[in-house]
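This report describes the fold and confidence of one protein model. The sequence and coordinates are shown first, and the discussion follows.

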Amino acid sequence: MQPELLDVVFRSRKRSDLLLLLGEEARTIEEIKTILDVSPTAILPQIKRLTDSSLVVQREGYYELTVLGEEVVKKVRPLVDVLTLLERNDYWLEHDLSGIPQYLQDRLGDLKDFRLIEPTPCQIFEPRTEIVNFISSSSHLMVFSSFFRPEFLPIYSKLGRKGAKVSLILTEAVLEKTLHNYERKLKKFTDMPNTELFVCNDGVKLAELIVSDQGTLVSLFASNGRFHHDHAFCSDSQALDWAKELFEFYKSRSRLIEDSRGMERFSCTSGTDFLSESPLFSLQ
């Protein structure tokens, strides 16, 4: 982007907000004033600066982006989104992002409207009611978990019995521990026609990912490796698409446990190279 255009776009917050607004659709001056909550004297000079720079044009009472303006907005929006994300909370700066592939790190701004769900001291070792309700009300569910969650197994099975599609990815260590303590329940879950169970290698730097029609929950390990039971929650479509891509990334690097017999084979091969036939796990 040329230096003069950088000045036009970023020197004024009103101009950048206006560009992003027109990136959604053409607007009248009245719509611009109402949505951006500005007066005519505040916004008209900014409109003139954008039209003089060939980024915006007026046609039949509507202001819209030019072809150049559209290209500029394509470059500006991801930057503004990620800055908005980082301004809301330090969560993403204080946690380990290495469990997220680079192409999704580049789109981290898709989660800009997140809110943080943190446990109270008395809930550190139990799931929050808000998360349980979120899972229980889902019509389809995709879960990746790298820590032991036995309290959710009955919920997954109940959803399966109701006809919801449930896909579950566990790390080898978590699957082994679950089988050791809840083998019967896990086998019942696996034998349902609308459920899937996958296993991936240990050492994944992603704590938990839950994706449903209600929204998505993302939980990362802290930069020092600790887990604090906090989750970033998003419900807009952009965040859902991002989360689904992250789940599919891990699913493509995991091995399907087709039925209860597959779990028996896993139990027999525990401690061996069970995933040797699976794609090598890599974030590259």
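How many bridges join S4 to strand S7, and do the two strands run parallel or antiparallel? Strand S4 (residues 140-145) is joined to S7 (residues 208-212) by five bridges, and the two run antiparallel. The model under discussion is predicted.

**Overall content and confidence**

The protein contains 12 helices and 10 strands. Of its 284 residues, 46% count as buried. Among contacts between residues at least 6 apart in sequence, 70% join residues at least 24 apart.

The mean pLDDT of the protein is 85, and 87% of the residues reach 70 or more. Confidence is highest in helix H11 (residues 237-251), at a mean of 96, and lowest in helix H12 (residues 260-269), at 55. The pLDDT is below 50 over residues 268-282, although this stretch has 21 contacts in the model beyond near neighbours in sequence. Where pLDDT is low, the predicted coordinates should not be read in detail.

**Strand S4 and its partners**

Strand S4 is mostly covered, with five of its six residues buried. In addition to its pairing with S7, S4 pairs with strand S5 (residues 165-171) in the parallel sense, over six bridges. Individual positions can be matched across both pairings: Ser145 stands opposite Leu170 in S5, and Val143 stands opposite Ile210 in S7.

The strand pairings are listed below, together with that of the hairpin discussed later.

| Strands | Sense | Bridges |
|---|---|---|
| S4 and S5 | parallel | six |
| S4 and S7 | antiparallel | five |
| S1 and S2 | antiparallel | four |

S4, helix H9 and S5 make a right-handed β-α-β unit. Within this unit, H9 covers residues 153-161 and includes Ser157. Ser157 counts as buried because its relative accessibility is 8%, against a cut-off of under 20%. Leaving aside residues up to four places away in sequence, Ser157 touches Lys185, Phe189 and Met192.

**Helix H4 and the hairpin**

Helix H4 (residues 40-52) has 13 residues, which at 1.5 Å a residue should span 18 Å; the end C-alpha atoms are 18 Å apart, so the expected and modelled values agree. Which residues of H4 are buried? They are Ile43, Gln46, Ile47 and Leu50. These residues cover an arc of only 105° around the axis, and therefore lie on the same side of H4. An α-helix has 3.6 residues a turn, so residues three or four places apart point the same way. On the other side of H4, Thr41, Lys48 and Asp52 are exposed.

Just after H4, Ser54 takes a positive phi of about 65°. Strand S1 (residues 56-59) and strand S2 (residues 62-65) run antiparallel and are joined by four bridges. Gln58 has Tyr63 in S2 as its bridge partner. The hairpin of S1 and S2 has two residues between the strands, and Glu60 takes a positive phi near 50° there.

**An exposed loop residue**

Asp106 is found in the loop between helix H7 (102-105) and strand S3 (115-117). Is Asp106 buried or exposed? Asp106 is exposed because its relative accessible area is 55%, where the cut-off is over 50%. Asp106 and Leu79 are 27 residues apart in sequence, and their C-alpha atoms are 9.6 Å apart in space.

Methods
Residues numbered from 1 in each chain as written. Predicted model: local features only at pLDDT ≥ 70, side-chain atom pairs only at ≥ 80, totals over all residues. Heavy atoms only, no water. Buried < 20%, exposed > 50% of the residue type's maximum accessible area, 1.4 Å probe, protein only. Contact = heavy atoms within 4.5 Å. pLDDT = per-residue confidence, 0-100. Pairing = 2+ DSSP bridges. Expected span 1.5 Å × (residues − 1). Arc of directions from axis to C-beta. Right-handed = clockwise from strand over helix to strand, strands pointing away.
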